[in-house]
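Let's take a walk through this model together, starting with how its elements are named and then moving from strand to strand. Please keep the sequence and the 3D view side by side as we go.

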Amino acid sequence: MTVRLRARPMLLALPLFLAGCSSMPSMPHMSWSGLNPLNWFGSSLTVTDQGVGGITASTPLTETAIKDGLNRNYSLRSGMSMSDGKMLSFFQAMDGKDVKLSVSGEPKGNVQRVDVMDPKVASEWGVKIGTSFSDLYTKAFDSCVKGEGDDAQNVECKAPQSAHVTYVFSGIWHGPESLMPSDDALKDWKVSKIVWRANPLQTGQAQ
């Protein structure tokens, strides 16, 4: 009986001690959400009018900021390129040997563009790699332009819901390369890339 009486106060005190841990002043930087196993793995990203995942127009073009903005889901490699006579810095988000996203902008500036090639990353309106042109548009006029550079064989179309998001479509076209494919041909083309830009795409431009 004596043993039970002594143990009872300890059992009562234990829940009080555990309940008070989250407010202990000696642990001001503890993140209790970080202890949740569901948060141990990177969550999926979404393309929105504001950006991709945590990357927006105010995100500095640095490895740390981009890694954090992509929920540390990928490894990064960096490089430099030229576009319209301007020097650009870019980071490629890698999954193994595959490039899943490309994040670019002026050196030492903020992110200006994100190209998404990862099938796991969709727009907030449900569009992802493989979505058909006919699911989004009935015609290319006033929405689409011929691609340029690496996308010269493709067609780029503004997202109906956002001036900052475009969809790059790829498919078969037997007409002249300089002309926009017909609407009938485009209906079977698929999204091969989702692009977010800090500065909206202008009609007649693809960069």
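Helices and strands are taken here as DSSP runs, numbered from the N terminus, with a strand being a run of E of at least two residues. With that in hand, we can place M87, which is found in strand β5, covering residues 86–95. Before we look around it, please bear in mind that this is a predicted model.

How much confidence does the model carry? The chain averages a pLDDT of 82, and 76% of the residues score at least 70. Two stretches call for care. Over residues 1–42 the pLDDT stays under 50, and the model has 8 contacts beyond four places in sequence for them. Residues 203–207 also stay under 50, with 18 such contacts. Where pLDDT is low, the predicted coordinates should not be read in detail.

Now for the overall picture. The secondary structure of the chain comes to 3 helices and 12 strands. Of its 207 residues, 34% count as buried. If you take the contacts between residues at least 6 apart in sequence, 54% join residues at least 24 apart. The accessible surface comes to about 12800 Å², and carbon and sulfur atoms account for 55% of that.

Let's return to β5 and its neighbours. On one side of the sequence is β4, residues 75–83, which runs antiparallel to β5 and is joined to it by 9 bridges. To see the register, find M80, which stands opposite S89 in β5. The hairpin of β4 and β5 has 2 residues between the strands, and D84 takes a positive phi near 55 degrees there. Continuing along the chain, β5 is joined by 7 bridges to β6, residues 98–105, again in an antiparallel arrangement. Here F91 has V103 in β6 as its bridge partner. The hairpin of β5 and β6 has 2 residues between the strands, and in this one G96 takes a positive phi near 70 degrees.

Is β5 enclosed or open? Burial means under 20% relative accessible area, and 7 of the 10 residues of β5 are buried, so the strand is largely enclosed by the rest of the structure. M87, however, is partly exposed, with a relative accessible area of 39%. M87 joins M80 and M82 in making a nonpolar surface patch of about 320 Å².

Our next stop is β11, residues 165–170, a mostly covered strand in which 5 of the 6 residues are buried. β11 pairs with β10, residues 155–158, in the antiparallel sense over 4 bridges, and the two form a hairpin with 6 residues between them. β11 is also joined by 6 bridges to β12, residues 190–197, which runs antiparallel to it. Y167 is a handy landmark for both pairings: it is the bridge partner of C157, and its own partner in β12 is I194.

Finally, follow the chain past β12 to L201, which lies in the segment after that strand. Is L201 buried or exposed? With a relative accessible area of 5%, L201 is buried. For a sense of where this segment sits, look at T166: its C-alpha atom is separated from that of L201 by 7.8 Å, although the two residues are 35 apart along the chain.

Methods. Residues numbered from 1 in each chain as written. Predicted model: local features only at pLDDT ≥ 70, side-chain atom pairs only at ≥ 80, totals over all residues. Heavy atoms only, no water. pLDDT = per-residue confidence, 0-100. Contact = heavy atoms within 4.5 Å. Patch = residues over 30% accessible without salt bridge, like charges linked within 9 Å, V, L, I, M, F, W, Y side chains within 5 Å. Areas by Shrake-Rupley, 256 points an atom, 1.4 Å probe, with all protein chains shown as cover. Salt bridge = Lys/Arg side-chain N within 4 Å of Asp/Glu carboxyl O. Buried < 20%, exposed > 50% of the residue type's maximum accessible area, 1.4 Å probe, protein only. Pairing = 2+ DSSP bridges.
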